[in-house]
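Welcome! Here are some exercises to work through with the model open beside you, each followed by a solution in steps.

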Amino acid sequence: MQRRAQRDQRDQRAKRLTRVLVCAAAVPVMLVAAGCSSDSGSGDGKDKAAEKTAASKSASPSPTVQAAAYGKLPEPCATLSKKTLEELVPKAGSGKEGASNDTATRGSCSWDSLDDNGVKGSQFRWLSVSMLRFESDVTRGAGDELARDHYMKQLKDAQTADGAQSVKTTPVSGTGDEAAVVRYDLKKKEGSFRQQTVVARVENVVVTVDYNGAGLAGDKTPDADDLAKDAQKAAKEAVASVTAANGSAPGGSSSPSAAPSASKSASEAPSKSGSPSSGSPKSSATSGKS
């Protein structure tokens, strides 16, 4: 009886040990299953977040800028009519076109006239028309805004020309979107020169007209008001040529120019930095000689 009881006890211990081993073997399997389930959920979340970020980036609009209104310039020496040239530079003949590596962006033409009256002296005139067109650029800005910056610079360059005396700046109406005329006297050994510089902006193009005159060899100095009227006439005609070359109605805005405030700011804060472009006051004054 005692041996039988011992066998029964051994059998019970063996059964309990078997159950413990089976349970112990099952635990790692459950942990692995749980771990796989947890990792799978975390990966799905990261993928969804990445997809959402990529979608957000693709939906962001690319930077844009308004296209420039004008895409070309007229022939520089054809900007003024034959009649206007006969009035302003009667002895000029054909104009001299300035050098340009991109005629769609930059162009200029100049004329000079010497009316020799012998012992009574001579009348000298010099006329220049220059044009600069600006393209819209995402990094730099819209073409008309770039043109206005250059318009302001041209005014400052005219107002701070070397040797300029009695400088006056006056707004000009009916010429492009904004325009002004800078007037001054220039004393040279050949005589007294009267300089008129009209700067006008029409859309993304800046037109600069330089016109100076002098009485040489004892002839009288031309009237500044008459020269100013002639210069403004030439500027208005040049602006009309720009708009016509681009298929627009010539003439520009007929409303008063926005130049008064521009002229005031230019006179209050003159800038002497930067070299003048072709047809600028400095180059025109140098050309105004017999």
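**Exercise 1. Count the disulfides, counting any pair of cysteine sulfur atoms within 2.5 Å, and describe what you find.**

Solution. Step one: by this rule the count comes to one disulfide. Step two: the partners are Cys-77 and Cys-109, whose sulfur atoms lie 2.0 Å apart. Step three: this pair links distant parts of the chain, 32 residues apart, with Cys-77 in the loop between α1 (2-59) and α2 and Cys-109 in strand β2. Helices (H or I, at least four residues) and strands (E, at least two) are DSSP runs, numbered from the N terminus. Step four: the torsion about the S-S bond of Cys-77 and Cys-109 is about 95 degrees, so the disulfide is right-handed.

Before going on, a word on the source. This is a predicted model, in which local features need pLDDT of at least 70 and side-chain atom pairs count only at pLDDT 80 or more, while totals for chains, interfaces and linings use all residues. Residues are numbered from 1 along each chain as its sequence is written, and side-chain values use heavy atoms, leaving out hydrogens and water.

**Exercise 2. Is Cys-109 buried or exposed? Do the same for Cys-77.**

Solution. Start with the scale: buried means under 20% relative accessible area, exposed over 50%, and partly exposed in between (1.4 Å probe, protein chains only). Cys-109 has 2% relative accessibility, so this residue counts as buried. Cys-77 has a relative accessible area of 27% and is therefore partly exposed.

**Exercise 3. Find the strands that pair with β7 and say how enclosed β7 is.**

Solution. Two strands pair if DSSP finds at least two bridges between them. Step one: β3 and β7 run antiparallel, joined by 12 bridges, and Ser-128 stands opposite Asp-210 in β7. Step two: β6 also pairs with β7 in the antiparallel sense, over 10 bridges, with Val-202 opposite Val-205. Step three: β6 and β7 form a hairpin with two residues between them, and Glu-203 in the turn has a positive phi of about 55 degrees. Step four: 12 of the 12 residues of β7 are buried, so this strand is largely enclosed by the rest of the structure. Both faces are covered, with Val-207 and Tyr-211 among the buried residues on one side and Thr-208 and Asp-210 among those on the other.

**Exercise 4. Which residues touch the most other members of the largest nonpolar core?**

Solution. A nonpolar core is a set of buried Ala, Val, Leu, Ile, Met, Phe, Trp, Tyr and Cys residues joined through side-chain atoms within 4.5 Å. The largest has 29 residues, and Leu-80, Trp-111, Leu-127, Val-207 and Val-209 touch the most other members. Several elements each supply at least two residues, including α2 (82-88), β2 (106-116) and β7 (205-216). The most comes from α4, with seven residues. A second, separate core of 14 residues includes Tyr-151, Met-152, Val-182 and Val-206.

**Exercise 5. Compare the span of helix α3 with the expected value.**

Solution. The expected span is 1.5 Å times one less than the number of residues. Helix α3 (residues 143-159) has 17 residues, and the span expected at 1.5 Å a residue is 24 Å. From first C-alpha to last, α3 reaches 25 Å, close to that value. Its buried residues include Leu-146, Tyr-151, Met-152 and Leu-155.
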